[in-house]
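Trainee: Could you take a close look at one chain for me and at how it meets its partner? I'd like the whole picture in one go.

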Amino acid sequence: MGLTLSWLSIIILIPLAGLFLKSFELSPEQFWNILSSRRTLNALRVSFGLAFAAACVNLVMGSVIVWALVRYRFPGRRIFDAIVDVPFALPTAVAGVALTALFAEKGWLGAPLAALGIKVAFTPVGIFVAMIFIGIPFVVRTVQPVLQDLDPEIEEAAGSLGASRWQTIIRVILPSLAPALLTGLALAFARAVGEYGSVIFIAGNLPNVSEIAPLLIVIRLSEFRYADATAIAVVMLVVSFVIIFAVNRLQRWAQSRIPVR
Amino acid sequence: MTMQIADTVSLSASDAKAREKARAAAARDSLRTEPPAVRIAIITLAVLFLSVFVVLPLVVVFAQAFSKGVLAYFAALAEPEAMAAIKLTLIVAAISVGLNLVFGLVAAWAIAKFEFPGKTFLITLIDLPFSVSPVISGLVFVLLFGAQGYFGSWLRDHDIQILFAVPGIALATTFVTFPFVARALIPLMQEQGTQEEEAAISLGASGLQTFFRVTLPNIKWGVLYGVLLCNARAMGEFGAVSVVSGHIRGETNTMPLLVEILYNEYQFVAAFAIASLLAMLALITLIAKTVLERHLDEGQDVNDH
């Protein structure tokens with residue numbers, strides 16, 4: 001048993017340890033030079049900045065979707081509930097070409113938007129759109145079960161004690177959902193930062209403007225600049241670790257707040 | 001309709017007490033809901049958002065795939081390159097689902113049924129491939145097995161090709177899809193506890209007998225669920241596979257990689273034809289997942305009683 005377990009962790013650990021080992025072959029100075037080069041900085045900025053913006057949109061729209069799915073009954077509700085998972089299930093390359101076709105200047109949505117002077121495909125806006133697409137299930141699926149399990153009596157109590165509906169939502173419901181909302185935000189952010197397939201088609205991939213960090217890793221690899229690729233990857237990996245840690249903490253916080261029934 | 005009439009009849013027939021009760025319930029409900037205008041606005045917003053961001057991209061795939069007619073669609077799928085990609089995708093998915101089925105069962109079993117130091121660390125480790133960029137997952141294998149990698153020269157001396165060949169693609173896919181089976185099983189197995197296994201062992205069953213006769217039947221829906229999601233991701237994986245495949249036409253191109261190549265060559269019908277197969281896979285997976293979730297819920301309800 002112990003043997004299988006150590007074998008298991010080796011399967012995941014060895015490749016990742018290899019990545020860190022490789023990065024230690026660089027002197028701190030080299031490491032810093034790679035990261036502080038304009039192109040790397042811009043790629044990291046594009047990835048992290050747009051991922052955060054997209055995660056925020058997902059937080060708001062995800063909450064709206066959860067509210068509609070949990071609290072209201074409308075025709076097609078079950079179908080829309082199932083559809084939320086499409087970005088999980090649809091291969092990223094397929095999502096990428098589909099979003100590009102949709103938002104290209106002659107696409108179904110791209111054409112009317114272009115008439116308004118908004119260009120989506122092959123600009124940073126396109127990256128933003130793709131990141132929203134892939135992040136939406138994370139917020140919905142983490143918040144939905146919590147809202148479903150929320151004790152209706154708390155809301156009734158607030159309402160009958162004279163709180164307006166708005167006050168009840170802000171002061172009673174929102175705090176109960178907070179850990180789940182933050183977890184959803186973190187998961188959507190983590191996914192969007194590392195996303196590759198659905199973004200590269202619609203991004204335009206212009207260095208310094210619409211080039212995401214994962215793509216820069218791939219480019220550096222194809223140029224055989226392994227050190228550069230490794231350095232960028234290590235930064236992204238460390239951020240992933242931090243996010244996982246934060247999510248675990250959030251989950252523990254959420255569990256400690258569940259009242260004993 | 002008849003139900004409604006029946007309701008009205010029974011209500012008018014019943015005494016004032018019941019009516020009072022109904023009114024109180026309605027008043028309580030009104031404390032928990034919003035004005036109709038707000039309600040309609042929220043539903044519209046949710047439906048609109050999901051339609052634009054999720055439904056439309058899905059529809060576009062099929063619209064583009066059939067834009068030159070059904071014949072062009074099937075002609076694109078019958079291309080030798082497409083057939084090779086489909087075959088490779090099926091092989092790679094079979095390998096990685098098989099491996100992860102074993103890994104996932106072992107990992108979930110160990111985590112759910114035993115206590116040992118470093119358990120939380122192991123759980124975090126299992127989740128890791130979910131939150132790591134697929135490109136990084138591919139990169140780590142290049143660093144290990146590439147020409148300049150740690151095992152690169154040894155592999156060359158022994159004439160073993162991992163990178164830019166099927167083993168590399170299968171390895172990267174296995175790594176990326178590692179969490180699915182284990183993740184599906186851990187909560188299920190934890191909930192079921194160890195009582196049944198202990199009973200089996202104390203009645204004289206061997207460890208393996210216990211596993212196949214007691215543990216496995218209890219978790220069969222969970223296993224199926226994990227395999228389903230694992231398979232969907234394995235067939236659709238792009239980033240990690242793209243880094244390790246080398247893009248050798250007809251040899252190391254999986255379906256998602258072929259979509260990219262055809263798309264970049266402006267062969268849109270062909271690209272979207274392959275994409276439509278993957279989209280159908282995703283839809284079938286979702287339907288199957290919904291059915292399985294119902295089974296899993298039922299199983300839980302039975303346990304609750």
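Mentor: Here's a walk through chain A, from its fold to its contact with chain B. Keep in mind that this is a predicted model.

Let's start with the fold. Chain A has 13 helices and zero strands, so there is nothing but α in the order of elements if you read from the N terminus. Draw a box along the principal axes and the C-alpha atoms take up roughly 65 × 60 × 35 Å. Chain A counts 261 residues, and 55% of them are buried. As for how the chain folds back on itself, take the contacts between residues at least 6 apart in sequence: 74% of these join residues at least 24 apart.

Now the surface. Chain A exposes about 11600 Å² of accessible area, with carbon and sulfur atoms accounting for 68% of that. On the charge side, there are 20 positive and 14 negative charges in chain A, and the mean positions of the two sets lie 2 Å apart.

Then there's the partner. On the chain A side, 77 residues are in contact with 73 residues of chain B. Together the two chains bury about 6900 Å², and 82% of this area sits on carbon and sulfur atoms. Salt bridges between chain B and chain A number two. If you want one to zoom in on, go to A:D85: its side chain pairs with that of B:K289 in a salt bridge, at 2.5 Å from N to O.

How values were computed: Residues numbered from 1 in each chain as written. Chains lettered and ligands numbered in written order. Predicted model: local features only at pLDDT ≥ 70, side-chain atom pairs only at ≥ 80, totals over all residues. Heavy atoms only, no water. Helix = DSSP H or I, 4+ residues; strand = E, 2+ residues; numbered from the N terminus. Buried < 20%, exposed > 50% of the residue type's maximum accessible area, 1.4 Å probe, protein only. Contact = heavy atoms within 4.5 Å. Areas by Shrake-Rupley, 256 points an atom, 1.4 Å probe, with all protein chains shown as cover. Lys, Arg positive; Asp, Glu negative; His and termini not counted. Charge placed at Lys NZ, Arg CZ, Asp CG, Glu CD. Buried area = accessible area lost by both parts, 1.4 Å probe. Salt bridge = Lys/Arg side-chain N within 4 Å of Asp/Glu carboxyl O.
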